[in-house]
Amino acid sequence: MSRSAQHLQEAADWLTRLQRPEVDETDWLAFDAWLSEPGAQEAYDAIQAVDEEIFQRGAAVRGELAEPRRAAAKPAFTIDWRWLGGLGAAAAAAAIAITVAPWGELLPQPDTLYTTAKGESRTLDLADGTRIDLNTDSHVSVRLEKDARRVTVHEGQALFDVAHDSARPFLITAGDETVRVLGTKFDVRRRDGQLSVTVLRGLVEVSTDGEDTPVRLRPGQMLEHVEGASGVSVRSVAAEDQVGWRSGRLVYRDQPLARIVGDMNHYFDRPLRLEGENTATLRFSGVLIVDSQDAMVRRLTSLMPISATPTDDAIVLRGRPSASN
């Protein structure tokens with residue numbers, strides 16, 4: 001067996017292995033080491049392409065099944081297996097075993113919408129064993145099909161702890177990003193056109209519209225992206241800080257006041273409004289306890305050079321005359 005064929009076989013084995021329920025951190029570290037071998041990344045991408053191709057062809061079958069009368073007048077659906085050429089029989093067979101489900105499992109399933117109001121959080125326990133923690137003012141839809149699990153983050157923030165299921169990949173859409181789960185625990189945030197993905201455990205792969213190569217994230221890394229723009233940024237973070245909201249804490253490290261105010265406005269009906277030339281760009285580092293709006297505003301004004309003025313329909317924050325960027 002050539003080295004390239006061996007890598008393809010190993011890639012197929014890894015794709016199967018990493019979706020088993022008993023996978024642990026030792027497996028992820030070994031996988032990360034394997035990816036650093038020359039040719040391994042290319043082989044894994046090729047096997048994933050096979051996996052995705054079969055999934056997309058499965059989607060065509062679902063469309064036919066959803067319209068049985070129209071389908072009866074069309075040619076039978078077939079797969080041209082020639083696109084598997086070059087993978088090698090063993091690798092191709094392994095990829096097919098990973099993705100092909102019985103015919104009866106291709107029936108489409110409806111979406112279920114889950115929401116939280118301002119100031120509310122909730123935990124979802126999905127039928128497949130996946131857990132989703134929803135932050136305040138969030139909206140996600142879930143579709144558990146027999147050949148895939150799909151989530152759309154319409155707006156808000158969610159922490160995912162994904163159950164392994166080798167027959168059904170877990171895919172998340174947030175704006176123009178698609179998150180493919182290679183690991184288990186990560187946070188997805190979509191607020192006001194700003195997207196971020198933070199990994200706490202395992203690995204995830206993020207694809208962005210217009211970008212050819214997906215970005216693979218490891219624990220302690222955050223990907224940030226402006227929806228509709230080109231390019232992404234990846235940096236190391238204290239991952240637990242990003243999910244402090246689960247315990248009623250908002251943790252910030254050198255963030256502009258505009259970001260803090262934006263977050264607070266998802267918790268309360270009475271909006272905070274910024275006024276003054278430099279107010280929005282003032283920087284803040286610290287922890288805000290989430291309780292009443294008045295208490296949070298008092299803490300913020302004690303920690304920053306700003307004042308707060310209540311009006312009939314808002315609370316106006318202004319930089320004090322001595323405030324500077």
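**Helix H8, the three-stranded sheet and an aromatic cluster**

In helix H8 (residues 293–303), the buried residues are Gln-293, Ala-295, Met-296, Val-297, Leu-300 and Thr-301. The structure described here is a predicted model. The elements that cover these buried residues of H8 include strand E14 (249–256), helix H7, strand E15, strand E16 (283–289), and strands E17 and E18. With regard to the spacing of such positions, an α-helix has 3.6 residues a turn, so residues three or four places apart point the same way.

Three of the strands that cover H8, namely E15, E17 and E18, also belong to an open sheet, in which the strand order is E15-E18-E17 and the pairing is mixed. Strands E15 (272–275) and E17 (306–310) occupy the edges of this sheet, and because each has a single partner strand, one side of each is left without a neighbour in the sheet. On average, and with direction ignored, neighbouring strands of the sheet are turned by 25 degrees against each other. Between E17 and strand E18 (residues 315–319), which run antiparallel, there are five bridges, and Ile-306 has Gly-319 in E18 as its bridge partner. Helix H7 (residues 257–264) packs on the sheet and touches E15, E17 and E18, its direction making about 160 degrees with that of E15. Helix H7 is thus described in two settings, being included in what covers the buried residues of H8 and packing on the sheet.

Aromatic contacts were examined next. A pair of aromatic rings is described by the distance of the centres and the angle of the planes. The count of aromatic pairs comes to four. In one of these, the ring centres of Phe-160 and Phe-186 lie 5.4 Å apart with the planes at 15 degrees, and the pair is therefore classed as stacked, the angle being under the cut-off of 30 degrees. This pair links distant parts of the chain, given that Phe-160 lies in strand E5 (residues 149–161) and Phe-186 in strand E8 (residues 185–191), 26 residues apart. Both Phe-160 and Phe-186 are buried, and together with Phe-170 they form one aromatic cluster.

A further buried position is found in helix H3 (residues 40–66), where Ile-47 is located. Ile-47 counts as buried because its relative accessibility is 0%, which falls under the limit of 20%. The C-alpha atom of Ile-47 is separated by 9.8 Å from that of Glu-10, a residue 37 residues apart from Ile-47 along the chain.

Technical notes: Residues numbered from 1 in each chain as written. Predicted model: local features only at pLDDT ≥ 70, side-chain atom pairs only at ≥ 80, totals over all residues. Heavy atoms only, no water. Helix = DSSP H or I, 4+ residues; strand = E, 2+ residues; numbered from the N terminus. Buried < 20%, exposed > 50% of the residue type's maximum accessible area, 1.4 Å probe, protein only. Phe/Tyr/Trp six-rings, centres within 6.5 Å; stacked < 30°, edge-to-face > 60°. Pairing = 2+ DSSP bridges. Axes fitted to C-alpha atoms, helices over the stretch in contact; angles between N-to-C directions. Contact = heavy atoms within 4.5 Å.
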